[in-house]
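User: I have a model open and want to go through some of its helix packing. Can you take my questions one by one?

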Amino acid sequence: MAARQLFTDTDTADEAVRATCDDATTCKRFATSKSYWKDPYIQYFVRSVGERKAPEINRGYYARVKGVNLLLDAFIKKTDCRCQVINMGAGLDTTFWRLKDENLLPQKIFEVDFPAVVAKKIHYIKTRPPLSKPIIDVHSTDSLLIDAHNLESDRYCIIGADLRDISSLDEKLKKFHLNPELPTVFVSECVLVYMTPSQSSNLVHWAAETFHTAMFINYEQVNMSDRFGQVMIENLQRRRCTLAGVEVCRSLDSQKERFLRTGWGHADALDMMTVYSVLPQEDVARIEHLEFLDERELLQQLLQHYCICWASKDKLSLGLSHLAF
C-alpha cells in the first residue's frame, strides 16, 4: 500500500511540474506579444496570446530570457560553435531556432524532458513547417529519427527521459551521439528545484564527471527562507507543486555550493535584480516604456527571489571562469 501511495504522490507531483512548462511558455508568449523580446517561433507552440500578465511578470521573464541567453551565447562564441548544448527540462523552448537564425548553432543541441512534454513538442514540430523546416535544413545524413518520444537529427535532438534516473539519461544521450569530449553547456530553468537535493546533486555531479570542459547555467528560486519566499512556496503547494529542492534555494552561497561540492571548479551566482541592472541598459529602458509599472518594489521583491547560478570546469583552458555579466 505504501509503495502504491508513493507512486501516486510522485505521479501527481510530476504532473504539477509538467504543468509549469505550459505556464512558462504562456508567459513568454504574452511577453513577446508585447515586444519585450523577439521570438517568431513561440507562436507555433502557443497559438493564443492568452490573458494579460502583470508588468512585473513580463519584466521578470525578460530578465530570465536575456540573462540565460547572454551566458549561453558567450559560451558558444568562446568555443566558435564547436560545442554541445544540453537543455535539461527544456519544455517548449525555442533556443534551437533562435541560434540557427543568429548563426550561433552549436554542433548539436540536446533537449531532455518528461516523455509527455517531449511528445507534445514533437507533435508541434511534425505538424508545423516553420518548426520542422529549419531542422531539415541543417540535417544532411539520410536518417532523421522521429517518433513519439524522441527526435534525432544531425544538429538537434529531443529525448524523453527522467532527469532523476541518471543511468537511463546517460544511456539515452550516448545512444543519440552525445560526445563527452566536446565542450558542453547545460541549461536548466526552474528544474533542479523540483528534485530533492540529493537528486539534483547527482545530476550536476554526473555532468561534471562526464565532461572535462563544461558550463552549467541554472535559473531558479533563491532567498526562499523569508516571508515572500514562504508565500511563493504556499502558492505552488496549492497547485500540488512541491519544491522538493527548496533548501538549496536558501541563498546565493547555497546555490554555488551545490556545484562546488560536486566536481565543478568555479561557480558564481547573482539574483535577478542584479542581473536586470547589468543587462544592456538601452534595451532595459526600451522595455520599461512598454507598460507602466505601478509598484517597482514588487518587481524588486520578485527578482530578488530568483537567481542565475553558473558553474564551469575548464580542462581545455577556454577561459570559462571569466564568462559573466
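Analyst: Below are short answers on this predicted model.

User: At what angle do helix α4 and helix α5 pack, and how is that arrangement classed?

Analyst: Helix α4 covers residues 115–127 and helix α5 covers residues 129–137. Their axes lie 5 Å apart and pack at an angle of about 85°. Angles of 65 to 115 degrees count as roughly perpendicular. That makes α4, relative to α5, roughly perpendicular.

User: How many charged residues are in the contact of α4 with α5?

Analyst: On the α4 side, the contact is made by Y124, I125 and T127. They meet P129, L131, S132 and I135 of α5. By class, five residues are nonpolar and two are polar, and the number of charged residues is none.

User: What arc around the axis do the buried residues of α4 cover?

Analyst: The buried residues of α4 are V117, V118, K121, I122, Y124 and I125. They sit on the same side of α4, because the arc they cover around the axis is only 160°.

User: What span should the 13 residues of α4 have?

Analyst: The estimate uses 1.5 Å a residue. The end C-alpha atoms of α4 are 18 Å apart, which agrees with the expected span of 18 Å.

User: Is L302 buried or exposed?

Analyst: L302 is placed in helix α12, residues 296–303. Beyond its neighbours within four places in sequence, L302 contacts E56, I57 and F228. Its relative accessible area is 18%, and buried means under 20%, so L302 is buried.

Notes:
Residues are numbered from 1 along each chain as its sequence is written. This is a predicted model: local features need pLDDT of at least 70, side-chain atom pairs count only at pLDDT 80 or more; totals for chains, interfaces and linings use all residues. Side-chain values use heavy atoms; hydrogens and water are left out. Axes are lines fitted to C-alpha atoms, for helices over the stretch in contact, and angles run from 0 to 180 degrees between N-to-C directions. Helices (H or I, at least four residues) and strands (E, at least two) are DSSP runs, numbered from the N terminus. Angles under 35 degrees count as roughly parallel, over 145 as roughly antiparallel, 65 to 115 as roughly perpendicular and the rest as oblique. Contact means heavy atoms within 4.5 Å. Ala, Val, Leu, Ile, Met, Phe, Trp, Tyr, Cys and Pro count as nonpolar, Asp, Glu, Lys and Arg as charged, and the others, Gly among them, as polar. The expected span of a helix is 1.5 Å times one less than its number of residues. Buried means under 20% relative accessible area, exposed over 50%, partly exposed in between (1.4 Å probe, protein chains only). The arc is that of the directions from the helix axis to the C-beta atoms.
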